[in-house]
Amino acid sequence: MQTVTIKVEGMSCGHCVKAVEGALEKIGAKGKVNLNEKTVQVEYDEHKLTLEAIKEAIEDQGYDVL
């Protein structure tokens, strides 16, 4: 398992947390949003998912991955 912290702009509320964490769960990753730091800590199996797929799942929810 791999763990990365991704900087994400545009998250500001509980809905944002659910949208991002839910999108990551759908692709097989586990995400933990920190609204104060504007980050998402993501745990994933690097043999099944790429970092690019994770970023795309977040961006598909309308947030900007930095």
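**View 1. Four strands form an open sheet in this predicted model, with antiparallel pairing.** Across the sheet the strands follow the order β2-β3-β1-β4. The edges are taken by β2 and by β4, which spans residues 64-65, and each of these two strands pairs on one side only.

**View 2. Strands β2 and β3 run antiparallel to one another and are joined by five bridges.** Within this pairing, N34 has T39 of β3 as its bridge partner.

**View 3. Two helices, α1 and α2, pack on the sheet.** Helix α1, made up of residues 14-26, touches β2 and β3, and its direction makes about 160 degrees with that of β2. Helix α2, which covers residues 51-59, touches β1, β3 and β4, and its direction makes about 35 degrees with that of β1.

**View 4. A search of the whole structure finds one salt bridge.** This salt bridge is formed by E9 and K38, whose closest N and O atoms lie 3.9 Å apart. The pair links distant parts of the chain, since E9 belongs to strand β1 (residues 2-9) while K38 sits in the loop between β2 (30-34) and β3 (39-44), and the two residues are 29 residues apart. In general, side chains of opposite charge can pair when their charged atoms come close.

**View 5. The two partners of the salt bridge, E9 and K38, are shown here with their accessibility.** E9 has a relative accessibility of 29% and therefore counts as partly exposed. K38, with a relative accessible area of 33%, is partly exposed as well.

Definitions and conventions
Residues are numbered from 1 along each chain as its sequence is written. This is a predicted model: local features need pLDDT of at least 70, side-chain atom pairs count only at pLDDT 80 or more; totals for chains, interfaces and linings use all residues. Side-chain values use heavy atoms; hydrogens and water are left out. A salt bridge is a side-chain nitrogen of Lys or Arg within 4 Å of a carboxyl oxygen of Asp or Glu. Buried means under 20% relative accessible area, exposed over 50%, partly exposed in between (1.4 Å probe, protein chains only). Two strands pair if DSSP finds at least two bridges between them. Contact means heavy atoms within 4.5 Å. Axes are lines fitted to C-alpha atoms, for helices over the stretch in contact, and angles run from 0 to 180 degrees between N-to-C directions.
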